[in-house]
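Trainee: I should be grateful for a close look at a single part of this model, namely its salt bridges. Please also relate them to the surroundings of the ligand.

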Amino acid sequence: MEQPKKPSSEPTELPTKEGSWLPLVPYKNYWLEVHLAHNTMRVQESFQARPDDTILATSPKCGTTWLKALAFTIVNRSKHSFDEHPLLAQHPQAVVPYIEMPADGRRDLSYIDEIPSPRLLATHLPLSLLPRSIAEQGCRIVYITRDPKDAFISTWHFKNKMHPRSFIGLDDAFDMFCDGFVNYGPCWEHTLEYWKESQARPDGCLFFRYEEMMREPVEHVRKLAAFLGAPFTGEEEDAKLPEQVAKLCSFGNLAGLRVNQTGDFMRKEDMVVEKSTFFRKGKVGDWRNYMDEEKGRKLDRISEEKFKGSGFAY
Ligand code: PAP
């Protein structure tokens, strides 16, 4: 794939391909929306990781909101009671900023430098596109993957809501997803990179699966806390803190909060990001309500092919 030129103070013209909700730029082995390609080049040049940064990495629609809520709650648990918790008043997406994506759509990414340590930061970037200083500083990385069938359906709903004037039908969106032609795609390579990292550097990269988190949320809360260097003490266990964290951050709880049900992160003529769109159904296997078995098998076949020999399978 063609590679974009280095950034200058003004965005360079990038080669784009139409067809997805927004034009996409081929960036190394991935596709990125134009503004994200620019931001990625910018953070690759200027982002300074700190050794105590934790990076929450996900392919889109695989559990970012959930992971942000969990990690934020775990690392700040001594500061807040569960009755007056910040997540009762703030959307989980707002409490952990993205490295390459300012919440308000502005270009300036310097707000990240102003966050005091230890920082929790999020990204949808694949491992190979992360700013180099993240590896140099040995930052902790937490990754969540999700069965591509559900991730696709979640993406399809989200993007059509976000870009109502560029509605894409399920069949066309499906073909593009299978080709990896989707923002931050292909999802398989994205997952494979972090999977390999978690195998090579288990103390540095924690790898979670959405489906397993749904099955055993409390166990994942414990694992996450231990990985983040803040394991639950015997007293906290006795007080059932892991259970309380899991409950606070559960889909059932967060989706019902007014702060997550009303208002927008962004509203322009042709683009809207409603806070509620990050809480659609939160189910495993919802793809069956939208796709036939044949499509499901096709995605499974791609997954099998892509992960062959890696030790990973959905
Ligand atoms: P993003 O990539 O835009 O940041 P992300 O949070 O990764 O979105 O994915 C949203 C999905 O996670 C939604 O899935 P669905 O469309 O299949 O419903 C959303 O419902 C789900 N989700 C959000 N919060 C939670 C949670 N606390 N527990 C489980 N699933 C959740």
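**Salt bridges and the ligand shell**

Mentor: E237 has a relative accessibility of 25% and therefore counts as partly exposed, a class that runs from 20% to 50%. The model under discussion is a predicted one. The partner of E237 in a salt bridge is R222, and their closest N and O atoms are 2.8 Å apart. This pair connects distant parts of the chain: E237 belongs to helix 10 (residues 234–238) and R222 to helix 9 (residues 217–227), with the two positions 15 residues apart in numbering. R222 likewise has a relative accessible area of 25%, so R222 is partly exposed.

The general principle is brief. Side chains of opposite charge can pair when their charged atoms come close. In this structure there are 18 salt bridges.

A further example is the pair of R267 and E274, in which the closest N and O atoms are 3.5 Å apart. R267 has a relative accessible area of 53% and is therefore exposed, as the class begins over 50%. E274, at 22% relative accessibility, counts as partly exposed. These two residues do not stand alone, for K161, D264, R267 and E274 are linked in a network of salt bridges.

The salt bridge of K281 leads to the ligand. K281 pairs with D286, the closest N and O atoms being 2.8 Å apart. D286 has a relative accessibility of 5% and so counts as buried, the limit for that class being under 20%. K281, by contrast, is partly exposed, with a relative accessible area of 30%.

K281 is also among the closest of the 21 residues that surround the ligand, together with K61, T64, T65 and S154. A backbone N or O atom of K281 lies 2.6 Å from a ligand oxygen atom. The protein covers 98% of the 640 Å² of accessible area that the ligand has on its own. Side chains contribute further contacts: a polar side-chain atom of R146 is 2.9 Å from an oxygen atom of the ligand, and an N or O atom in the side chain of H124 is 3.2 Å from a ligand oxygen atom.

As to the composition of the shell, its residues comprise 9 nonpolar, 8 polar and 4 charged. Helix 2 (residues 64–75) supplies the largest share of the shell, 3 residues. K281 thus joins the two topics, since the residue forms a salt bridge with D286 and, at 30% relative accessible area, is partly exposed.

Terms used
Residues numbered from 1 in each chain as written. Predicted model: local features only at pLDDT ≥ 70, side-chain atom pairs only at ≥ 80, totals over all residues. Heavy atoms only, no water. Near = heavy atom within 4 Å. Polar contact = N/O pair within 3.5 Å; in protein donor to acceptor, adjacent residues only side chain to side chain. Areas by Shrake-Rupley, 256 points an atom, 1.4 Å probe, with all protein chains shown as cover. Helix = DSSP H or I, 4+ residues; strand = E, 2+ residues; numbered from the N terminus. Nonpolar A, V, L, I, M, F, W, Y, C, P; charged D, E, K, R; others polar. Salt bridge = Lys/Arg side-chain N within 4 Å of Asp/Glu carboxyl O. Buried < 20%, exposed > 50% of the residue type's maximum accessible area, 1.4 Å probe, protein only.
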